[in-house]
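Visitor: I am new to reading protein structures, and I would like a close look at a single part. Could you take me through the sheet and what packs around it?

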Amino acid sequence: MKPMWARSPMVLCLSLLAGCGQASQTGDASEAIAVADVAEPTGAKTDAAPAGVATDPIAVTLPRIAYLYRVGYRLPGDSIPALQQAHVALCDQMGATRCQVVGLQRSGGEAERGEGTLKLRVESKSARAFLESLNKAASDKGGRPVDTAIEAEDVSKQMVDAEARIRQRELLVARLTEILRTRQGSVADLVAAERAVAEAQEELDQGKAWLAELKGRVAYSTIEIGYNAQAMGSGGFGAQLGDTLADSGSLFLIGLRGLLTVLIVLAPWVLVFGPLIWLGLRWRRRRRQQPEIASVRD
């Protein structure tokens with residue numbers, strides 16, 4: 001007589017899903033207990049540990065943060081290529097395991113209009129010190145930082161979810177693989193098990209790839225660098241004066257554009273009502289002049 005799981009493929013699938021659900025609930029319960037332990041005040045007294053017995057310290061998991069740094073430099077246009085190469089050299093000095101060049105771009109042939117970008121991935125614990133080295137190299141080339149920003153993203157929950165999903169899929173793949181190894185059941189059941197193993201293995205690989213990407217974002221910070229040209233010989237007060245003039249020019253253009261917009265909107269109305277207003281004023285003027293002419297004649 002065939003076993004129950006061999007006679008019904010649905011029994012097999014339901015048992016596997018039930019096992020995964022129990023494993024998930026067990027994991028959730030253990031995580032809840034761990035959270036409760038962490039949330040317990042350090043000063044609370046416990047009767048479980050006898051006096052004089054050392055207890056293990058409570059392990060606290062720190063948040064896993066992915067950092068993105070943005071910095072912009074303004075310097076003479078003909079110095080942009082040299083500064084880019086200097087920054088790439090600083091990255092190369094750290095080694096490929098600690099810093100990688102992701103992208104480099106440069107445009108503009110004229111000194112006053114050149115610009116460029118550089119994207120790096122730097123070891124997170126060395127990222128801020130590396131930024132100081134970038135600023136020093138820019139200062140040596142006659143540049144100065146004009147834009148700095150730091151963005152932080154907490155990926156702790158995403159990593160925990162990915163790890164839990166990987167554990168569940170590993171358990172499912174192991175159970176299905178054991179069924180295939182024993183070669184028990186009908187041909188239809190074995191085919192269904194092979195298909196389920198392939199799907200579960202694909203989801204497992206995707207989960208591992210996503211977890212690896214999250215770990216890489218935490219381990220390596222992204223640094224985006226922008227280079228903008230300034231006029232030759234500018235710097236200090238002259239650079240600030242140039243920025244002020246540039247801003248005032250932009251405001252003037254904005255005001256001029258607004259004035260032109262008003263004139264364009266009013267032009268049709270002036271063309272329609274302008275002649276009527278002119279005729280009205282002329283008629284009024286003639287009526288005023290008629291009594292004066294009559295008095296002169298008298």
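Guide: A disulfide is a pair of cysteine sulfur atoms within 2.5 Å. With that in hand, you can find one disulfide in this structure, which is a predicted model. Its partners are Cys-91 and Cys-99, with sulfur atoms 1.9 Å apart, and both cysteines are buried. The torsion about their S-S bond is about -115°, so this disulfide is left-handed. Cys-91 lies in helix 3, which covers residues 80–94, while Cys-99 belongs to strand 2, which covers 99–107. That strand brings us to the sheet.

Let us set the scene before going closer. The protein has seven helices and five strands. Reading from the N terminus, you meet them in the order α-α-β-α-β-β-α-β-α-α-β-α.

Now for the sheet itself. The five strands make an open sheet with mixed pairing, and their order across it is 2-3-5-1-4. Strand 2 and strand 4 (144–154) are the edges; each has a single partner strand, so one side of each has no neighbour in the sheet. From one strand to the next, the twist averages 15°.

Try following one pairing by eye. Strand 1, residues 65–76, runs antiparallel to strand 4, and 10 bridges join the two. Along this pairing, Val-71 sits opposite Thr-148 of strand 4. Packed on the sheet is helix 4, residues 127–140, which touches strand 1, strand 2, strand 3 (115–123), strand 4 and strand 5 (220–230). The direction of helix 4 makes about 5° with that of strand 1.

What lies between these pieces? In soluble globular proteins, nonpolar side chains tend to be buried together. Here the largest nonpolar core has 23 residues, and those touching the most other members are Tyr-73, Phe-130, Ile-223, Ile-225 and Tyr-227. At least two residues of this core come from each of strand 1, helix 3, strand 3, helix 4 and strand 5. Helix 4 gives the largest share, six residues.

Ile-225 is a good place to pause. Leaving aside residues up to four places away in sequence, Ile-225 touches Val-71, Tyr-73, His-87, Gly-116, Thr-117, Leu-118, Leu-120 and Leu-134. You have already met Val-71, the residue opposite Thr-148.

Finally, there is a second, separate core of nine residues; Val-173, Leu-176, Leu-180 and Ala-200 are among them.

Methods: Residues numbered from 1 in each chain as written. Predicted model: local features only at pLDDT ≥ 70, side-chain atom pairs only at ≥ 80, totals over all residues. Heavy atoms only, no water. Buried < 20%, exposed > 50% of the residue type's maximum accessible area, 1.4 Å probe, protein only. Helix = DSSP H or I, 4+ residues; strand = E, 2+ residues; numbered from the N terminus. Pairing = 2+ DSSP bridges. Axes fitted to C-alpha atoms, helices over the stretch in contact; angles between N-to-C directions. Contact = heavy atoms within 4.5 Å. Core = buried A, V, L, I, M, F, W, Y, C linked by side-chain atoms within 4.5 Å.
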